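Got your viewer open? Let's take a walk through this one, stop by stop, with something to select at each.

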Amino acid sequence: MWNEFSQASFQEENNGISLGEKILNKFKTTVSKNEDTRKENKVVKKSARKITIKEWELEKFKILPGEKPVKIMSLMWLEQVGQCLLIEYENDMIIIDAGMEFAAADDVLWADYIIPDISYVKENLHKLRGILLTHGHLDHIWALRDILPELNWPTIYTTPLTLGIVKKSFQSREQMNKIKYKIVNPEIDIIKLGVFTIEFVHVNHNIPETMAMAIHTPKGLIFNTADFKVDFTPAIDKPADLSKVARIGNEWVKLYIWDSLWTASKWVPKSEKEIGDNLEKTIKNIDGRIIVATFASNVGRVMQLIESATRNNRVVFLAGRSMVNNVEICQELGYIKAPKAMVRKLDESVEQMPDDRVMIICTGAQGEEFSALARMARNEHPQIQLRKWDTVMMSSSVIPGNELQAANMMDLLVQRDINLITNNDIDIHASGHGGTDDHKLFLNLVNSEYVLPYYMTAFHRYAHRKLALDMGRDEDKILMPNENGTIIEMYENGIKLSEDKIKLNTVLIDGKWVGHLSWEYVVQARKIMAHDGVLIITYKIDTNTKEIVGNIQIESRWFVYSSEVRKVHTLIVDFARAEYNKLVRWLIKNGVKPDSINVKDILKEIKKKLETFTAEHIWRVPMIITSFVYINRENWKKEENDNN
């Protein structure tokens, strides 16, 4: 506390200047310095506008002469939920997860699913040291059955449950036996793969044995959460190892790769224990048959449902091969302890069982066309027909993009007087992904220099960015790639987005056979045909003169209406004939001999002209296919005369 003596002492030591004057002078000096700094900053900003982006990136940190970076890239699109992360340094690379993505019908037009594009990995296969799996959900492991054979069966590193689900995804015992694997225990195991050292951390999700990973690289430590939430009372698991996360955070994490789903959600995710209690109360109060729809890969929820059914003396019938397979794995590993007689595959015997003894667990909470519940809603399931006042419980949230098909299915259910219970009625589902508070906790514990919001659409990733900014993170330390194929480069002194990119095709699994891959042009063709139909034009061309012989053949499907077909076809044929003759005459006039004319090149030009013509005159642009057959005019005339 200041008194007269201390004030006098201060004046004496400071040449008679009072404390107030000293503080005021210091304040004026600070303001003056700040003004000078602002002026300098304005000069810097003006000059910065004149330098290139590359020079600006280099100014942020010093890249050492000849330094090679650690490269981080996704082998799927940025906006995918499913992921496949590649980390590479010189002659070593590792892959984290290899998932699939169910995309909306508008995106893939009825193909089964999207998988990572592994072209880059195949070109550098000698570098691949292994594949690490964070957990057993389809969006993180399902592509393995398609890509492991293509990559010559590299070793996968994961936990027993995830490995079991991976093995069951293969259709043949022969392929299953080719899988190379090593089981890891996140509590004790640290593995080395080439230059990378990987430490595993137990986290919570809605499937047991989920792991985050700390990847020690030559250029710094990377922490990847995978999918996570904070659950202090999980029903089928133990709480996340937050002390280990904090310890790793104290070891200077350079890059934090962040699960972005639901970052903007202010709600606190319900504990799985609370969800289990709600399921138990609901099941106990229902007299009739119960049908519960959830993801087959939501193993934690399926386990809760089986336990609750057993306590309430209900026999569980499983609908769907993946549902049956996952339950069998959980039984083998001891996660499900219900008597085997209480858990069965769905068959006709369900119709003879008393209603109050039946629970059916099936897929279809997203309304997928061929899922068990969707077929039940349409009364097309071969083994069960829904009856009035059956209860259907939807223990799942609808994935963005699936809203319409899920709503259509629910419409069919309520129209049949089905008692429908969703998460809007009572909390019977909790997301496996954390909300805002969970992300804040992990960001603080990991305490990284750079953060990379990942694994979701721009809306979720930019919400993640805002959260990091709100928590005081520097904007230039938040990496926001916005283009597919972006490469992130990690150097000794910093991290930046590379000017280089890898080309990523949209790789679709279209059909039920393993390895049946389609590429993006197939989807584009389907979109065109679905929207405007298809138009096929076939020319008969004289072998010698390259002139048109006879009529041009035209066919169309889903392009024109019956009332306009004659008029439109005539219009197109006249245009196609005139354009062909015009191009042939121009070539001959410019010295090209008829036998040197390439008809294929002419038809390519005509196809472009037809696209413009149909757009201008009919306001539709179908898939246009042009073809030709060579004909000897003399033989053709002879055949025509013979026919007459």
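Start with the whole protein chain in cartoon: it has 21 helices and 26 strands, where helices (H or I, at least four residues) and strands (E, at least two) are DSSP runs numbered from the N terminus. Before zooming in, note that this is a predicted model: local features need pLDDT of at least 70 and side-chain atom pairs count only at pLDDT 80 or more, while totals for chains, interfaces and linings use all residues. Residues are numbered from 1 along each chain as its sequence is written, and side-chain values use heavy atoms, with hydrogens and water left out.

Colour by accessibility next. Of the 644 residues in the protein chain, 50% are buried (buried is under 20% relative accessible area, exposed over 50%, partly exposed in between, with a 1.4 Å probe and protein chains only). Contacts here means heavy atoms within 4.5 Å; among those between residues at least 6 apart in sequence, 72% join residues at least 24 apart.

**Stop one: the nonpolar cores**

Select V121, L144, I306 and M359. Within the largest nonpolar core, which has 71 residues, these four touch the most other members. (A nonpolar core is a set of buried Ala, Val, Leu, Ile, Met, Phe, Trp, Tyr and Cys residues joined through side-chain atoms within 4.5 Å.) Helix α12 (residues 299-311) gives this core its largest share, six residues. Another core lies apart from it, with 31 residues including I72, I87, V184 and I495.

Which residues does V121 touch, not counting those up to four places away in sequence? Show L75, L86, M93, I95, L128 and L151 as sticks and you have them.

**Stop two: a helix pair**

Keep α12 on screen and add helix α11 (residues 272-284). The two pack at an angle of about 40°, with axes 10 Å apart; axes are lines fitted to C-alpha atoms, for helices over the stretch in contact, and angles run from 0 to 180 degrees between N-to-C directions. On the α11 side, the contact is made by E272, I275, G276, L279, E280 and I283, and on the α12 side by R301, Q304, L305, S308 and R311.

**Stop three: T486**

Now centre on T486 in strand β20 (residues 486-491). Its relative accessibility is 8%, so T486 counts as buried. Leaving out residues up to four places away in sequence, T486 touches I72, M73, P481, L497 and K501. Add a distance label too: a polar atom of the T486 side chain lies 2.5 Å from the backbone oxygen of E483.

**Last stop: a three-strand sheet**

Select strands β24 (residues 534-542), β25 (residues 553-557) and β26 (residues 623-631). They form an open sheet in the order β25-β24-β26, with mixed pairing (two strands pair if DSSP finds at least two bridges between them). β25 and β26 are at the edges with a single partner strand each, so one side of each has no neighbour in the sheet. On average, neighbouring strands are turned by 15° against each other, direction ignored.

How do the pairings run, parallel or antiparallel? β24 and β25 are antiparallel over five bridges, while β24 and β26 are parallel over nine. To check the register, pick I536 and its bridge partner E555 in β25, then T538 and S627 in β26.

β24 is mostly covered, with seven of its nine residues buried. Bring in helix α19 (residues 565-589), which packs on the sheet and touches β24 and β25. Finish with helix α20 (residues 599-617), lying across β24 and β26 and running at about 145° to β26.

How values were computed. A polar contact is a pair of N or O atoms within 3.5 Å; within protein, one must be able to donate a hydrogen and the other to accept it, and residues adjacent in sequence count only if both atoms are side-chain atoms.
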